[in-house]
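Got your viewer open and ready to go? Let's walk through this one stop at a time, selecting as we go.

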Amino acid sequence: MSRDHLPSAERSADSAEAPFLELLARGATADAYEQPVLLARAEGLPDGRVAALEQAKLLALRVRTEIEGRRRREAELSALFETAHDLAGLRDLDAVLRAIVQRARSLLGTDIAYLSLNDAARGDTYMRVTEGSVAARFQQLRLGMGEGLGGLVAQTARPYVTDDYFKDERFQHTRTIDAGVQDEGLVAILGVPLMIGPQVIGVLFAADRRARVFDREQIALLGSFAALAAAAIDSANALMETRSALDRLGRANEIIRDRSAVIERASDVHDRLAELVLRGGGVHDVAATVSEVLDGTVEFTEPGGTPPMAVEAARADGHAVRHGDDWVAAVAAGGELLGALVLRGHPGLDPVDQRTLERAAMVTSLLLLARRSASEAEQRVRGELLDDLLDTRDRDPGLLRERAARLHADLDGPHVVLAARLDIVAADAGQEAGARRRLWSAASHLAATRHGLAAARDGGTVLLLPLGPGDTATTLARRTAKELGTAVQEAVTVGASAPLDRLATHPEAVAAAYTEGQRCLEALRLLGRAGDGAAAEDFGFLGLLLAGDRDISGFVGRTIGGVVAYDERRGTDLLRTLDAYFASGMSPARTKDALHVHVNTVAQRLERVGRLLGEDWQSPARILEIQLALRLHRLSSYGPR
């Protein structure tokens, strides 16, 4: 049936809804919904038409109320997900409170957010955490009970808001507090109490450096953050408070599902994601679930796998953004970008689906952080076991085997100890520390995948890896150097010990093997083979000296001990001259250029060397021994680093 043949009442109702649908689409204020009715009356339209507009207005306002309610609940759900992660993953109270204050500032869009706690002993309240503050005096404020807006909130246990702090006479102004607020440049301030039961323990604030009116929803939202902050402080009640909040949100979402198909779909997403998290699903499970809900293809990409401008825009805005025919939602935690969720080939995305994608990105970040926390915990356990093997002898073999078995390691099989170190020249201490952390992370991952152990030690990393069939200590060292170097994008040198057996019964062998691995590592570096891997067996005669407890110092002393002692007594440079002489092809002319001295000085030093080492010191056999001793002396001088 065509529209022209519809009954007049249906056509009237249909046309009456049109202006209100437009108002809903552009998110108009509630007052704007009176305009179509007033206009109809002013134009003298029939009563039936006015009545139809009235009915459509009421329906539209009801839908608007439901939409606004859904938005508020979604914001609360998002905040709850993030804060619940903080409470579950962070054991440091200050870190939890900082996360809550940062989130409150971000969600309310204020210049600054801060939290004060009551001091029962002194009878006042003091600043505990600030975010966005630039004034030192403000960060150190203490407020007497009833002083300033915060003191009034702490005393009355009620939220207070002021549009203009210095013009507001409802609370007591003091010179100290006003000076701190003036230093910070604050104008509009909202404060809500932090309460545990009936007791006020502090105040959570959001403030702007310009005049601003905080609406009721924002006050309520900040109050919710204050409740979570109080729960974090009172850790014994944290789980109970979180579950209670989840129950309330669950009941609210059930009501919403009964009223609207759109809200029902949003609730379904929430339930499915919550179930996925509870059963231990991964990030790709989240992508698959959201793909079903959005009837499209959702992919998780690592950092760098999505156009950076789109990801940065999504992270800065806090919402999914359109990129061509795709939608991109940043997966981030704090200031760290963990990846992105990308909805492929779906240019038309309504706001509800957009928020579904954003919520999935938030859940993905929680899963990634949880996985990282678990991985870091396992890394610490592996490191502690290897530290015990390296530092403590006479350990109970049964206990060592039990600890290793929990990490899927077998201490009774053949293993090799590997000493790994980066070969970089860092611009500053921070860059060097960052490179070492990357090496430790890569080594820990390698140990976990190979059923071995890893620990940070002596400025590098030590690994205990099982020796596979067909492997030798040399092949394992070279493969490890290559894999670690690829992972950290820097040259990594690896020295390996000889294979060891039954480490649970003989844990003292691990420390000796580590020393052997360090010697091989230093030998590689002295021989100009940085970034390579080797075991003692690769160095021929030098390897025999490096392995185990060979008498290296005795060999050095017998060969060049007289020169070493002469330099130490006289402060001369005979050893350095010998190094330069051999490096210059035994040419005095090139040696003097290398040392920047006169050729006569070189001749005098070499004459002294001849008297100390004997007349045949330049014979081919003696030259080989002297050069080897010089290198071993340098090696023993470097020592473990």
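## Stop 1: helices H20, H21 and H22

Start by selecting Arg-576, Thr-577, Ala-580 and Tyr-581 in H20: they meet Pro-588, Thr-591, Ala-594 and Leu-595 in H21. By class, the residues of this contact of H20 with H21 are five nonpolar, two polar and one charged. Keep in mind that you are looking at a predicted model.

Now show both helices whole: H20 covers residues 574–583 and H21 covers residues 588–595. Their axes come within 8 Å, with a crossing angle of roughly 125 degrees. That makes H20 oblique to H21. The crossing of H20 and H21 is right-handed.

Next, add helix H22, residues 599–613. The axes of H21 and H22 come within 8 Å and cross at roughly 105 degrees. Is that oblique or roughly perpendicular? Angles of 65 to 115 degrees count as roughly perpendicular, and H21 is therefore roughly perpendicular to H22. To light up the contact, pick Pro-588, Thr-591, Lys-592 and Leu-595 on H21, then Val-599, Val-602 and Arg-605 on H22. Sorted by class, the contact of H21 with H22 has four nonpolar residues, one polar and two charged. Pro-588 appears in the H21 contact with H20, and Pro-588 also appears in the contact with H22.

## Stop 2: the six-stranded sheet

Hide the helices and colour the strands. In what order do the six strands of the open sheet run? Reading across, you get E3-E2-E1-E6-E5-E4, and the pairing is antiparallel. At the edges sit E3 (142–144) and E4 (160–162), each of which pairs on one side only. Turn the view to look along the sheet: the twist averages 25 degrees from one strand to the next.

Zoom in on E5 (residues 188–196) and E6 (residues 199–208). These two strands run antiparallel and are joined by nine bridges. For a landmark, click Ile-189, which stands opposite Ala-207 in E6.

Now bring back helix H4, residues 93–108. H4 lies across E1 (112–119), E2 (124–131), E5 and E6, and runs at about 70 degrees to E2.

## Stop 3: a pair of rings

How many aromatic pairs does the structure hold? There are six. For one of them, show the side chains of Tyr-114 and Phe-205. A pair of aromatic rings is described by the distance of the centres and the angle of the planes. For Tyr-114 and Phe-205, the centres are 4.4 Å apart and the planes are 15 degrees apart, and the pair is stacked. Trace the chain between the two rings: Tyr-114 is in strand E1 and Phe-205 is in strand E6, 91 residues apart, so to speak a link between distant parts of the chain.

## Stop 4: the five-stranded sheet

Move on to another open sheet, this one of five strands in the order E12-E13-E11-E14-E15, with mixed pairing. Select E12 (453–457) and E15 (533–535). These strands stand at the edges with a single partner strand each, so one side of each is left without a neighbour in the sheet. Here the twist averages 20 degrees from one strand to the next.

Look at E14 (residues 492–496) beside E15: they pair in the parallel sense over three bridges. Click Val-494 and you'll find it opposite Gly-533 in E15.

Two helices to add here are H16 and H17. H16 (residues 473–488) lies across E11 (415–422), E13 (460–466), E14 and E15, at about 155 degrees to E14. H17 (residues 508–526) lies across E11, E12, E13, E14 and E15, at about 45 degrees to E11.

## Stop 5: H15 against H16

Leave H16 on screen and add H15, residues 429–449. Their axes come within 9 Å and cross at roughly 130 degrees. H15 and H16 are therefore oblique to each other, and H15 passes H16 in a right-handed crossing.

For the last selection, take Arg-438, Leu-439, Ala-442, Ala-443 and Leu-446 of H15, with Thr-480, Glu-483, Leu-484, Ala-487 and Val-488 of H16; these make the contact. Colour the contact of H15 with H16 by class and you'll see seven nonpolar, one polar and two charged residues.

Definitions and conventions
Residues numbered from 1 in each chain as written. Predicted model: local features only at pLDDT ≥ 70, side-chain atom pairs only at ≥ 80, totals over all residues. Heavy atoms only, no water. Axes fitted to C-alpha atoms, helices over the stretch in contact; angles between N-to-C directions. Helix = DSSP H or I, 4+ residues; strand = E, 2+ residues; numbered from the N terminus. Parallel < 35°, antiparallel > 145°, perpendicular 65-115°, else oblique. Left-handed = near helix turned anticlockwise from the far one by under 90°. Contact = heavy atoms within 4.5 Å. Nonpolar A, V, L, I, M, F, W, Y, C, P; charged D, E, K, R; others polar. Pairing = 2+ DSSP bridges. Phe/Tyr/Trp six-rings, centres within 6.5 Å; stacked < 30°, edge-to-face > 60°.
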